[in-house]
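Hi everyone, thanks for making time this morning. I'd like to walk you through a ligand site and the empty spaces in one protein, so let's bring it up on the screen.

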Amino acid sequence: MSTVFTGISQLHTVSKVGTIEDAAFVVDDGQIAWVGSAKEAPEADERVDLGGRAVLPGWVDSHSHLVFDGDRAAEFEARMAGKGYAAGGIAVTMEATRNAGEKRLQELVAQRVAQAQAGGTTCMETKTGYGLDVESEELAARIAKEHVDEVTFLGAHLVPPGADSEEYVNLVVGDMLDAVAPHVGWIDVFCERGAFNYEQSLRVLKAGQERGLGVRVHGNQLGEGPGVGLAVELGAASVDHVNYLSEEDFEALANSETVATALPACDLSTRQELAPVRRLLDAGAHVAIASNCNPGTSYTSSMNFCVTTAVLQQKLSLDEAIHAATTGGARALRRHDVGEGKDAKGRPAKGTLAIGAAADFQVLDTPHAIDLAYRPGMVTTWRTYIGGKQVA
Ligand code: NIG
């Protein structure tokens, strides 16, 4: 069954074809089969008129923490009154998450994914990291696998209160990793003061690599530190946060395949310096933008908000911000187009509307995507499609 989509004022393909005005495209078998001018649109089994709106690839949100219960509104309010962010708040969410039970966590994660899709997200990564014992981390990984595209083991998020850090790392690389490994594709570590140091982080990530997991790192969020260097050293797919970078960090990222992932909503919510994505792009680094949806530092899955912030406050052009939030995120998950619309594993690529890629797209309720920044907060995603099927 093929469908031709028409009534598109602007089609941002995020491919070598660029942006097409007054466009159409055809979806066949869940993939993009044709893109071009509306005047040249071929016939298809079905026709859908999008009413003169802008179409983009769905957002690829490469960093989130969706498996949690409870919120931290009081902590946030205290922060807005001047108290600094510290990793210790993770333990509050750990308690609530451990007490939630599987049914409630299932419902919460399903709701959060539905909200993200309504906001135009079509591919999502999420992490464990609020269980911090073997049973709760296994449960988080298993639930996550049912709801999102990519799952990351983040047992090394915080040393639980009362535990010895070396003994906890032994648990993470031992029984905990054994329990979660069947459900996850990635391993991550919060390499930061107050969380895990370089040696501990290296040990955790290497243990994951030995199990065939891809590597990602939380690094350089609260100050300069070893996170970026560690990520590049291990060939991590991404290093996320990247707020405080040394000259060596810029150089390392510019000369590596490790994606620097900026989390603008988190930076605003923690009142940190916004990540220097302008400088990273100018240096030649790969950049992604993600939501970091979690109850502590970024309680939003709105990628529209992140893109708006990247344009208005981080000095990206609209095109750069869209690229970072689509194919940039896909690259951070190694799901990007490496040719013919396919990723390195031959799957339909994410984050692009190149021919052969997944027909994952969003329709903005406006004729031009620049309204994301020009009319901040006013533009919503009208519809979201995954594999050519409307999901929101
Ligand atoms: O990515 N930085 C570490 N982890 C999360 C926040 C966790 C929390 O405070 O609950 C983040 O910002």
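Before we look at atoms, a polar contact here is a pair of N or O atoms within 3.5 Å; within protein, one must be able to donate a hydrogen and the other to accept it, and residues adjacent in sequence count only if both atoms are side-chain atoms. Now, please keep in mind that this is a predicted model, where local features need pLDDT of at least 70, side-chain atom pairs count only at pLDDT 80 or more, and totals for chains, interfaces and linings use all residues. Residues are numbered from 1 along each chain as its sequence is written, and side-chain values use heavy atoms, with hydrogens and water left out.

So, which side chain meets a nitrogen atom of the ligand? That is His157, with an N or O atom of its side chain 2.7 Å from that nitrogen. On the oxygen side, the His65 side chain has an N or O atom 3.2 Å from a ligand oxygen, and for His63 the distance to a ligand oxygen is 3.5 Å. The protein covers 100% of the 330 Å² of accessible area that the ligand has on its own (Shrake-Rupley method, 1.4 Å probe).

Stepping back, there are 16 residues around the ligand, with a heavy atom within 4 Å of it. Tyr85, Tyr130, His157, Gln221 and Thr297 come nearest. By class, that shell has five nonpolar, ten polar and one charged residues; Ala, Val, Leu, Ile, Met, Phe, Trp, Tyr, Cys and Pro count as nonpolar, Asp, Glu, Lys and Arg as charged, and the others, Gly among them, as polar.

Where does the ligand sit? In the largest cavity, meaning that more than half of its atoms lie within 2 Å of the cavity's grid points. A cavity is a set of points, on a 1 Å grid over the protein atoms alone, where a 1.4 Å probe fits but cannot get out; a pocket is an open set with protein on both sides within 12 Å along at least five of seven lines, and lining residues have an atom within 4 Å of a point. Among the 14 residues lining this cavity, His65, Tyr85, His157, Asn294 and Thr297 lie nearest its centre.

Finally, the largest pocket: of its 17 lining residues, His286, His323, Thr327, Gly328 and Arg331 lie nearest the centre. Its lining divides into seven nonpolar, seven polar and three charged residues.
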